[in-house]
Amino acid sequence: MDQSLIFMKVLSKTDVEHRMAIPMESFAVFGIPQGKHSQNFDFLDMISTGRSWSFRCSKRTNNSHPKPVLTSDWIKYVKEKCLKEGDQVNFFYVKKDG
């Protein structure tokens with residue numbers, strides 16, 4: 001399996017209570033199609049369970065600064081993992097052979 005770091009982030013209060021802001025420099029990796037403001041993505045928890053999670057990456061529709069965020073199952077994930085403000089998360093793009 002080939003993997004590369006998309007971003008790492010120290011979680012803020014907003015990240016653990018509402019939605020997680022994605023760093024702008026990493027936004028292009030999510031590839032939201034032209035004309036859409038959100039896209040669902042599957043994420044695999046590689047630390048413990050190997051469970052797949054579905055997060056939605058969305059951006060503002062009426063602003064030149066998209067301010068991307070993760071929503072959908074994100075808060076469920078935060079609660080299940082007991083994440084709190086100050087914890088760090090790492091997101092990797094994983095390409096499977098074949």
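The following exercises, each with a worked solution, concern the strands, a buried residue and a surface patch of a predicted model.

**Exercise 1.** Determine the strand order of the open four-stranded sheet, and identify which strands form its edges.

*Solution.* Begin with the pairing, which is antiparallel and places the four strands in the order β2-β5-β4-β3. Next, look for strands that pair on one side only, a condition that is met by β2 (20-21) and β3 (38-44), and these are therefore the edge strands of the sheet. Finally, examine how the edge strand β2 is attached: two bridges join β2 to β5 (residues 69-72), the two strands running antiparallel, and M20 stands opposite L70 in β5.

**Exercise 2.** Locate S58 among the strands, and decide whether S58 is buried or exposed.

*Solution.* First, S58 is placed in strand β4, which covers residues 52-58. Second, the relative accessible area of S58 is 14%, and because buried means under 20%, S58 is classed as buried. Third, with residues up to four places away in sequence left out of the count, S58 touches I32, H37, S38, K67, P68 and V69.

**Exercise 3.** Name the residues that make the nonpolar surface patch, and classify the exposure of L5.

*Solution.* The patch, of about 280 Å², is made by L5, M8 and F92. Of these residues, L5 is found in strand β1, which spans residues 2-10. The relative accessibility of L5 is 42%, and since partly exposed lies between the limits of 20% and 50%, L5 counts as partly exposed.

Note on methods. Residues are numbered from 1 along each chain as its sequence is written. This is a predicted model: local features need pLDDT of at least 70, side-chain atom pairs count only at pLDDT 80 or more; totals for chains, interfaces and linings use all residues. Side-chain values use heavy atoms; hydrogens and water are left out. Buried means under 20% relative accessible area, exposed over 50%, partly exposed in between (1.4 Å probe, protein chains only). Contact means heavy atoms within 4.5 Å. Patches are made of residues with over 30% relative accessible area and no salt bridge: like charges are joined within 9 Å, nonpolar side chains (Val, Leu, Ile, Met, Phe, Trp, Tyr) within 5 Å. Accessible areas come from the Shrake-Rupley method with a 1.4 Å probe; for residues, only the protein chains shown count as cover. A salt bridge is a side-chain nitrogen of Lys or Arg within 4 Å of a carboxyl oxygen of Asp or Glu.
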